[in-house]
2 protein chains.
Amino acid sequence: MQDVVAGIDIGGTNTGIGIVSHEGNILAETIISTKCKSTFDIYIKRLSAEIEKLLTDLEHDVRLVGIGVGAPNGSYNLGAIVDAPNLEWKGILPLCKELSKQTGVPSVITNDANAAALGEMLFGAAKGMKDFVVITLGTGLGSGIVVDGKLVVGNDGFAGEFGHIVAKVNGRQCGCGKRGCLETYASATGIRRTAFKMIADSNQPSVLRNITYDKLSAKMVTEAAKAGDPLARAAFEYTGLILGTRLADLVAILNPEAIFFFGGLANAGELLFDPTRRHMEEYMFPVFKGKVKLLTSGLQDKNAAILGSAALIWKELEK
Amino acid sequence: MQDVVAGIDIGGTNTGIGIVSHEGNILAETIISTKCKSTFDIYIKRLSAEIEKLLTDLEHDVRLVGIGVGAPNGSYNLGAIVDAPNLEWKGILPLCKELSKQTGVPSVITNDANAAALGEMLFGAAKGMKDFVVITLGTGLGSGIVVDGKLVVGNDGFAGEFGHIVAKVNGRQCGCGKRGCLETYASATGIRRTAFKMIADSNQPSVLRNITYDKLSAKMVTEAAKAGDPLARAAFEYTGLILGTRLADLVAILNPEAIFFFGGLANAGELLFDPTRRHMEEYMFPVFKGKVKLLTSGLQDKNAAILGSAALIWKELEK
């Protein structure tokens with residue numbers, strides 16, 4: 001009999017469900033729609049039924065020992081999703097309580113970036129590290145912080161909002177209602193905004209001038225930069241300046257061993273890493289100079305969301 | 001027989017030594033000079049002899065169970081003082097090893113701001129709190145961060161350098177070699193620099209115009225502001241803007257329950273707290289708005305350095 005957990009990744013559109021071993025192998029997985037036109041209660045029942053089905057379909061005997069969930073606005077302390085803007089159900093959703101009631105096993109929740117950090121520690125490139133940060137560079141910028149081998153959750157369960165520190169006073173409008181948040185510069189969306197600002201500010205020729213804002217993707221900026229487009233390269237340099245400066249701040253506060261980049265924009269590789277590292281070192285407090293590794297996530301090509309949620313509950317069961 | 005610890009506060013000029021009970025009572029204390037023209041070995045022997053003397057002079061029987069040390073550039077991980085600019089002995093000073101050899105009890109070291117945070121938790125206003133930050137506003141700005149009831153020391157033992165995050169790109173020259181560090185704005189020295197810049201930039205009458213830079217103290221700026229001097233009040237407003245913005249960043253990263261101010265500039269009270277709170281709330285990530293308390297340290301009028309060092313070793317002995 002093998003002990004396994006369920007790792008669940010709740011997104012606005014789909015919910016990924018995986019059965020994960022203690023070694024980080026995904027034994028089975030499936031996807032259900034999050035956008036079902038039903039109550040939250042019915043969604044939880046479907047979720048539990050799908051986990052049950054995955055377990056019984058496995059060829060060998062397993063025992064479910066817990067469930068980990070990663071979700072936007074997931075509060076570890078409350079065991080709930082709180083006012084998630086991209087879900088149909090509003091208010092405080094007591095996900096863990098309901099899920100445990102249905103399945104009879106402990107369940108725990110956190111936000112996606114925190115789950116990514118735990119996944120990195122248990123199954124990724126942060127194995128053996130006790131102090132590190134995972135930065136997810138997707139539509140926004142998320143962060144999961146590990147101090148002395150433990151995820152930092154904070155007093156209300158919402159720590160790790162590094163994407164919403166002020167990168168520029170009175171800067172770009174952010175989805176959170178503030179201005180100048182780091183994620184409006186350093187993210188897939190951020191570099192798109194930077195490229196468009198540079199198109200407007202300069203007369204520099206660029207292949208990007210033929211693309212509408214709605215069609216432009218971070219991948220296109222990356223490809224243009226790889227092909228030598230000077231404006232696209234300048235967009236990466238600026239992104240690295242803003243991100244590097246703020247990472248130097250993060251290092252001054254937390255003194256981590258490494259910072260991992262995960263997500264779409266991290267695929268740009270040295271195009272992003274080189275300017276970020278350079279500017280981070282430029283603004284680094286002397287005692288930390290040359291000491292902090294900037295690395296690509298070890299889960300970059302894997303189902304990191306499922307593995308992260310699974311890592312969350314495996315860690316919890318250790319307690 | 002009562003168990004006691006020694007709390008030691010090493011400064012560039014003097015070293016404070018106190019015998020401290022588990023309840024945070026200082027049973028005896030003394031001061032020796034740090035600026036002795038002798039080797040580090042001899043300094044350690046004097047330190048041990050003074051602890052011994054304080055113990056034997058006590059009227060009741062006590063047993064020394066450990067020694068805690070707070071020192072600039074004190075590395076918890078190394079048990080050493082590393083390249084302290086204000087000490088006569090250079091390089092890595094293996095203080096804990098030598099002190100334990102002399103006294104036969106465990107000893108542990110950290111920097112002054114970290115010790116202040118532990119003192120706040122055990123004997124001050126952070127009793128019962130698990131996530132908080134202590135900001136020391138003296139000549140510089142130090143910070144001690146507590147996450148989930150434990151001091152954040154980081155991978156090299158130097159976490160908590162919040163005073164050296166970049167408040168302004170290409171800003172004021174800092175003692176650390178960088179430019180624009182937060183402590184060049186938000187500290188006793190910082191507000192002095194701000195007042196002088198405002199004297200230069202404006203034609204506003206002010207009592208501060210009659211004081212030389214070398215004679216001007218944060219206390220004078222505070223007194224002028226209390227008396228209604230508009231320039232001095234503007235200096236506090238600016239200090240609160242810079243500090244408040246960056247505290248909003250710190251909250252986004254760590255989600256603490258409270259932030260404590262300690263040290264000379266904290267005595268300015270609402271003159272400092274009001275603009276800092278206002279600007280912190282203005283730049284706060286929505287989920288944290290109105291939730292984080294800005295408080296005066298509960299050790300503000302006590303020998304916080306000795307109590308902090310004592311708290312450090314009491315916490316260590318709990319492990």
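Which residue of β3(B) does G16(B) stand opposite? I31(B) is the residue across from G16(B) in β3(B). Some notes on the rest follow.

1. Ground rules. This is a predicted model, where local features need pLDDT of at least 70, side-chain atom pairs count only at pLDDT 80 or more, and totals for chains, interfaces and linings use all residues. Residues are numbered from 1 along each chain as its sequence is written, while chains are lettered from A and ligands numbered from 1 in the order in which they are written. Helices (H or I, at least four residues) and strands (E, at least two) are DSSP runs, numbered from the N terminus.

2. How the copies relate. A turn of 180 degrees with a shift of 0.0 Å along the axis lays chain B on chain A, with an RMSD of 0.0 Å; that is the relation of a two-fold axis. The superposition is by least squares on the C-alpha atoms of residues with pLDDT of at least 70 in both copies. In chain B, the residue that comes closest to the rotation axis is V147(B), at 4.2 Å (C-alpha). Of the interface residues of chain B, 100% are also interface residues in chain A, so the copies meet through the same surface.

3. The sheet in chain B. Five strands make an open sheet with mixed pairing, in the order β3-β2-β1-β4-β8. Strands β3 (26-33) and β8 (107-110) of chain B are at the edges with a single partner strand each, so one side of each has no neighbour in the sheet. From one strand to the next, the twist averages 20 degrees; axes here are lines fitted to C-alpha atoms, for helices over the stretch in contact, and angles run from 0 to 180 degrees between N-to-C directions. Strands count as paired if DSSP finds at least two bridges between them; β2 (residues 14-20) of chain B has seven to β3(B), and the two run antiparallel.

4. The hairpin in chain A. Here β2 (residues 14-20) and β3 (residues 26-33) of chain A run antiparallel and are joined by seven bridges, one pair being I19(A) in β2(A) with A28(A) in β3(A). Five residues lie between the two strands of this hairpin, and G24(A) in the turn has a positive phi of about 90 degrees.

5. Helix α7(B). This helix (residues 270-282) has 13 residues and reaches 17 Å from first C-alpha to last, close to the 18 Å expected at 1.5 Å a residue (that is, 1.5 Å times one less than the number of residues). Its buried residues are L271(B), L272(B), P275(B), T276(B), H279(B) and M280(B). Down the axis of α7(B) they fall within an arc of 135 degrees, so they line one face; the arc is that of the directions from the helix axis to the C-beta atoms. Buried means 20 or more other C-beta atoms within 10 Å of a residue's own, exposed 12 or fewer, partly exposed in between, with C-beta atoms placed from the backbone. The buried residues of α7(B) pack against α5 (218-226), α6 (230-254) and β13 (293-296) of chain B.

6. M121(B). This residue sits in helix α3 (residues 112-123) of chain B and counts as buried, with 24 C-beta neighbours inside 10 Å. Leaving out residues up to four places away in sequence, M121(B) touches A126(B), K127(B), M129(B), V146(B) and A311(B); contact means C-beta atoms, placed from the backbone, within 7 Å.

Key
Two residues are in contact if their C-beta atoms, placed from the backbone, lie within 7 Å.
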